[in-house]
Amino acid sequence: VANSYFLRHYTSQALAFKENVQETQISKLLIANRGEIACRVMKTAKQMGIQTVAVYSEVDRQQMHVQMADEAYFIGPAASEKSYLNMDKIIEVAKASGCEAIHPGYGFLSENAEFAELCLGNGLVFVGPPASAIRDMGVKSTSKRIIKSSPYTPGYHGEEQSDSRLLQEAKKIGFPVMIKAVRGGGGKGMRIAASEDVFLEQLSSARREAKASFNDEVMLVEKYVDRPRHVEVQVFGDHHGNAVHLFERDCSVQRRHQKIIEESPAPGISLSTRMKLGEAAVRAAKAVGYVGAGTVEFVMDPEQNFYFMEMNTRLQVEHPVTEMVTGTDLVEWQLLVAQGNPIPSNQSEVNDRLSGHAFEARIYAEDPDNDFMPGAGLLTHLSAPNATPNLRVETGVRQGDEVSSYYDPMIAKLVVWGKDRSTALRGLLRGLGEYAIVGPDTNIKFLQRLSKHPSFKLGDVHTGFIDQHNDALFPNKDGKIRPRVACRAALAYFLSLPQPSGGDPFVDCSDFQINIPSPTSVVLSVDDCDITVVANPCENGDYVMTVHDRDASTSSVYLSTSIDDVIMKEKIVIVPGTMGVRNAEPDTIHLYPTNGDESVKFTLKLPRYVTQSAGGAVSSGDPVAPSVGNIIKILVEKGEQVAQGQPLVAMEVMKMEHVIRAPHDAAVESILVDVNEHVEKNTLLVKLVKKE
């Protein structure tokens, strides 16, 4: 796998690392991270009797990981480069609080070789691999020179980085090509160039994103494999030269080159391929003297030929699916190995543990209908499925918390296990149906449609799955509202109002007339489509309603209705609006069916005089900010003539770059924002004058 030079190189560099940890017992641990992964590490550390120390930025003071820790220390402003990436400050806190070790989680400093060395130099255990392994396996071009036995996709990994050279190499490879940051990860700094015409634009965008995320803009260019699968292998090494794999995960279904749903084992892979994948991954780990949890990633073609892609030298977001099918706690393994202990199980024992199938679905604050644009805001209501031996909810937020625009918008990870893939998939769908979130847009309904898709049920997955099945995953909104659903929303609303003395929610005294039943109506709106629901009391009392007790933990109401002899039970969340003239916000009614159907959000229609007086100057076709973020580049000038689709402004939204384009041919009348300016969602960025 590696020549003798590399083996000598890593063996010598690992000795000091090994000596530092063999005598160290961890009694107090600092977690240099936030949110879900910080809570995950703390949970296992507490079970092992290890005290935990959290760090937090100014916007995270009330977050769940801060309250869960035994101690917590402020480390700086919201911007990650001034807080969670502030290496010196984190080391200072670790030493001042008496910690023996630092767990980096994932993201932030988890793959930073300088930080690993800084820990070592300050007598602290870095719960992760040696800095040498991070440095060389973290650079894609270097890792592919080290891992010689595994084939990799043809491409250019050279040092010459001029635009002309990279374009020249792309032509040699043949379009389409994949442009990747050599220090990239999480889909950042990655673009597909389908043709020569868009190559330089995509290259420029990838470089800016890589610079912002990794402070490095070196790129490699590779052939884009048709219908590729993203298959990765969990590996684990220790200070005694042992290394094992814990089988593979399929992470093929992605958006923006980022994983959205993962599973283990990978569907449809032969036993022979599974064994070859595991063996190749272990050889890669041993080649660099790897210690701790890591993931070796491969691209697989439809014939199950696989090609080495990269190694992630950290615990992965999707590690719980591996834990579920192998019965392990990988964080516990990390902490044991960091103290100099051997891996708790050998390969034979791991092989015997493989059981069943597991899925992980990432619940994000994002808008799938707007190119999965990340979102932010208050979690007005949040209720999740109850944990069981076969279902886990990994999260770092609660009802009332904010999803911050400064960090990753993940709300939670829903992890389920079943005796086989179909059983696990049914459990996933049930868990998604039990989620109820009011606040930022989420991807839950999209995940439900994805999990129900016939091709996904068959395991026919690849990285282009979402694009291939776009019509089914993003159905056109035909403006039709199912009458029964609208009736249930109206009933929920009527029952939420102050009840009259007689206790009948349909009695409206304002329309009272002797001996004439008084109808009550409400106008609801879904996706800009209005529907009027009228409740007209009948003498024979044909409607039946039952209201269950409030669930104190979630502030939700369960409503059971019988409409046309169909009995339904749903969780109801009603969010009161505001009626200010300039900032009018209507009541919203959220229905979460218990039968697995998609949730529905209704908006109470405001009176016309309110909407007219609260009108704005921005129309739906204007170039506006798709989410909260920072302006990183202005791509046009005042007075310039632009064509439809031409890039106008580049924004950074949660560390991802988004380009706002001209909606039509026009002239640039004025530019309303500046570089580095922080803007809110729907802020008008450029004022255009449409060509006649």
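**Group meeting: a helix, its sheet and some rings**

Okay, let's start with helix α4, whose buried residues pack against β1, β2, β3, β4 and α5. Keep in mind that this is a predicted model.

Which residues of α4 are buried? They are Met 87, Ile 90, Ile 91, Val 93 and Ala 94. Around the helix axis they cover an arc of only 160 degrees, so they sit on the same side of α4. That fits a general point about helices: an α-helix has 3.6 residues a turn, so residues three or four places apart point the same way. If you turn to the other side of α4, you find Asp 88 and Ala 96, and those are exposed. And just after α4 comes Gly 98, with a positive phi of about 80 degrees.

Now the sheet under discussion. Five strands make it up, in the order β3-β2-β1-β4-β5; it is an open sheet and the pairing is parallel. Which strands stand at the edges? Those are β3 and β5, residues 125-126. Each of them has a single partner strand, so one side of each is left without a neighbour in the sheet. On the β5 side, two bridges join β4 to β5, and Ile 102 stands opposite Phe 126 in β5.

Helices on this sheet next. Helix α2, residues 35-47, packs on the sheet and touches β1 (28-31), β2 (51-57) and β4. The direction of α2 makes about 170 degrees with that of β1. Back to α4 for a second: that helix lies across β1, β2, β3 and β4, and runs at about 155 degrees to β3.

Moving on to the aromatics. How many aromatic pairs are there? The count comes to 15. I'll show you two of them.

In the first example, Tyr 84 and Phe 108 are stacked, 5.1 Å centre to centre, with 20 degrees between the planes. This pair links distant parts of the chain, 24 residues apart. Tyr 84 is in the loop between β3 (71-76) and α4 (87-96), while Phe 108 is in the loop between β4 (101-103) and α5 (113-121). Is Tyr 84 buried or exposed? Tyr 84 is buried, because its relative accessible area is 0%. Phe 108 has 28%, so that one counts as partly exposed.

The other example is Phe 175 with Phe 199, and this pair is edge-to-face: 6.2 Å centre to centre and 75 degrees between the planes. Here too the pair links distant parts of the chain, 24 residues apart. Phe 175 comes from the loop between α8 (163-173) and β7 (177-185), and Phe 199 from helix α9, residues 196-214. Phe 175 is partly exposed at 24% relative accessibility, whereas Phe 199 is buried at 0%.

Back to Tyr 84 and Phe 108, because there's a bit extra: ring pairs link them with Tyr 406 and Tyr 407 into a cluster.

A couple of arginines also sit on rings. Arg 255 lies over the face of Tyr 364, 4.5 Å from the ring centre. Arg 421 does that with Phe 456, at 5.2 Å from the ring centre.

Last stop, strand β22, residues 391-395. Four of its five residues are buried, so the strand is mostly covered. β22 pairs with β24, residues 410-418, in the antiparallel sense, over five bridges. What is the bridge partner of Arg 392 in β24? That's Val 415.

How values were computed: Residues are numbered from 1 along each chain as its sequence is written. This is a predicted model: local features need pLDDT of at least 70, side-chain atom pairs count only at pLDDT 80 or more; totals for chains, interfaces and linings use all residues. Side-chain values use heavy atoms; hydrogens and water are left out. Rings of Phe, Tyr and Trp (its six-membered ring) pair if their centres lie within 6.5 Å; planes under 30 degrees apart count as stacked, over 60 as edge-to-face and the rest as tilted. Buried means under 20% relative accessible area, exposed over 50%, partly exposed in between (1.4 Å probe, protein chains only). A charge sits over a ring if NZ of Lys or CZ of Arg is within 6 Å of the ring centre and within 35 degrees of the ring normal. Two strands pair if DSSP finds at least two bridges between them. Contact means heavy atoms within 4.5 Å. Axes are lines fitted to C-alpha atoms, for helices over the stretch in contact, and angles run from 0 to 180 degrees between N-to-C directions. The arc is that of the directions from the helix axis to the C-beta atoms.
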